[in-house]
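Thanks for asking me to look this over. Here are my notes, set out point by point for you to read beside the model.

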Amino acid sequence: MLKKLLGFDASTMNLRTECIAGLTAFLTMSYILAVNPDILSAASMDKGAVFTATALSSAVATILLAFMAKLPFAQAPSMGINAFFAFTLVNGMGCSWETALAAVFVEGIVFILLTIFNIREKIVDSIPLNLRYAISVGIGMFIAFIGLKNSGVIVDNPATLVALGEFNKISLLAIFGIIISAAMMWKRIKGALFYGIMICTVLGIVIGVTELPSGFSPVSMPQSMAPTFLKFDFAPLLSLDMIIIVLVLVFMDIFNTIGTLVGAAAQGGMMDKNGKVPRMKEALMADAIGTSVGAMFGTSTVTTYVESTAGIAEGGRSGVTALVTGLLFALTLFFSPLFLLVPSAATTGALVIVGVLMIQAVKDINFQDISEALPAFITILGMVLTYSIAEGIALGLISYTFIKIFTGQFKKVSITLYILTALFILRYISDQMF
């Protein structure tokens, strides 16, 4: 029955190993339970409701993947896309979080359709490989910048725009979190980011960064999702800006998911003889459904986590690993007071370390060809300096198209990319005119 439902083969797999792998994957990625509510609360969303939406969407999407794809991968709201949601869509562009949730919901539906009709590969192929690497690097730097800004390590300055902040107990706690998280990562401690957050939270209580409520109990009934459940505002999605935003969300989700699935499957030796991930379509469908369901609950895009590789490294090879991880996410619904106690400074370490992991893709960018290097550089720098992932992607794609045209390499630009470039230019023109 386990083989039929979850792909567990007793002749080559061990049930205990699969369960340990599921626990390992959960510990490695459970930091999202503290980080995601913290980031989305910056968009004026109810922190308790977002915690429940995060835990529940992670559980649903991961369990769905376990039964549909029978693979040892786990899913949760994406780091990077949650920052895009809060700091670009809501705080940057002035969208309401209800409109941003509607965009995520529509993105999930679009992803479902693209998966059904097998169009996803064509979309991925339309974006130049170097820009895909640059997008990952840029998001990593942007996430780290958000963490440093939110904890006061980096502050605004009227003369230089940004500057080093004061060394107070909040910023020092954040710096300690970065160092202790990195040290535990170096020692290969499973769940290093999660432990780093918990250590800094306890230390924050001791030094007065966080005040422990009277009668505090780490266990409670799940927080209500009523403040965010089905809170959609679809009307603004008819504008050109929001159509482009939905497309950007689709691209980011596709790149995240396919990149993670391929990389993790390769690491675990799970590729078939043709070098493809088995049941890839089912895994992508679980991701797409998870995104739409997550938006209904009240959280940003759900995607497959690269931290799944921790479970695979422990020997996880079937859907049993994913099922265990999903059930553990469901269990955390009863520990919301513990996770909601976490201050922003305690999550800085996780944000910076995730940023470090994401910028490793910079080594794969071709810097020998200026027509490839410049657009990649603009993409990375644009995300940080405009405080917007979307602007970085738009500027990178536009610059890539034009430099290829002016160097006589226009045939290297896909039709899809020409269309996207035209849409991005129209968006900037409309912004200037109206």
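1. Leaving aside residues up to four places away in sequence, Ile-389 touches Gly-80, Phe-84, Thr-88, Ile-139, Phe-142, Met-252 and Met-383, where contact means heavy atoms within 4.5 Å. Ile-389 is part of helix 18; helices (H or I, at least four residues) and strands (E, at least two) are DSSP runs, numbered from the N terminus. Ile-389 counts as buried because its relative accessibility is 0%; the cut-offs are under 20% relative accessible area for buried, over 50% for exposed, and partly exposed in between, with a 1.4 Å probe and protein chains only. Measuring tape in hand, so to speak: Ile-389 and Val-248 lie 141 residues apart in sequence and 9.3 Å apart in space, C-alpha to C-alpha.

2. A word on the basis of these notes. The model is predicted, so local features need pLDDT of at least 70 and side-chain atom pairs count only at pLDDT 80 or more, while totals for chains, interfaces and linings use all residues. Residues are numbered from 1 along each chain as its sequence is written, and side-chain values use heavy atoms, with hydrogens and water left out.

3. Val-248 and Met-252 turn up again in the lining of the largest cavity, together with Ile-127, Ile-135, Phe-251, Phe-255, Ile-393 and Leu-397. On a 1 Å grid over the protein atoms alone, a cavity is a set of points where a 1.4 Å probe fits but cannot get out; a pocket is an open set with protein on both sides within 12 Å along at least five of seven lines, and lining residues have an atom within 4 Å of a point. The whole structure has one cavity of 30 Å³ or more, and the largest holds about 50 Å³; volume here is the space filled by probe spheres set on grid points, which are joined across faces, edges and corners. Helix 11 gives the largest share of the lining, four residues. By class there are eight nonpolar, no polar and no charged residues, with Ala, Val, Leu, Ile, Met, Phe, Trp, Tyr, Cys and Pro counted as nonpolar, Asp, Glu, Lys and Arg as charged, and the others, Gly among them, as polar.

4. What lines the second largest pocket? Phe-145, Leu-161, Val-162, Val-384, Leu-385 and Tyr-387 do, around a volume of about 160 Å³. Strand 3 (161-164) and helix 17 (370-385) each supply at least two of these lining residues.

5. Six aromatic pairs are found in the whole structure; rings of Phe, Tyr and Trp (its six-membered ring) pair if their centres lie within 6.5 Å, and planes under 30 degrees apart count as stacked, over 60 as edge-to-face and the rest as tilted. Phe-105 and Phe-234 make an edge-to-face pair, 6.2 Å centre to centre with 70° between the planes. Phe-105 sits in helix 6 (residues 97-116) and Phe-234 in the loop between helix 10 (192-207) and helix 11 (240-267), so this pair ties together parts 129 residues apart in sequence. The rings of Phe-232 and Phe-234 are tilted, because their planes stand at 55°, with centres 5.4 Å apart. Phe-105, Phe-232 and Phe-234 form one aromatic cluster.
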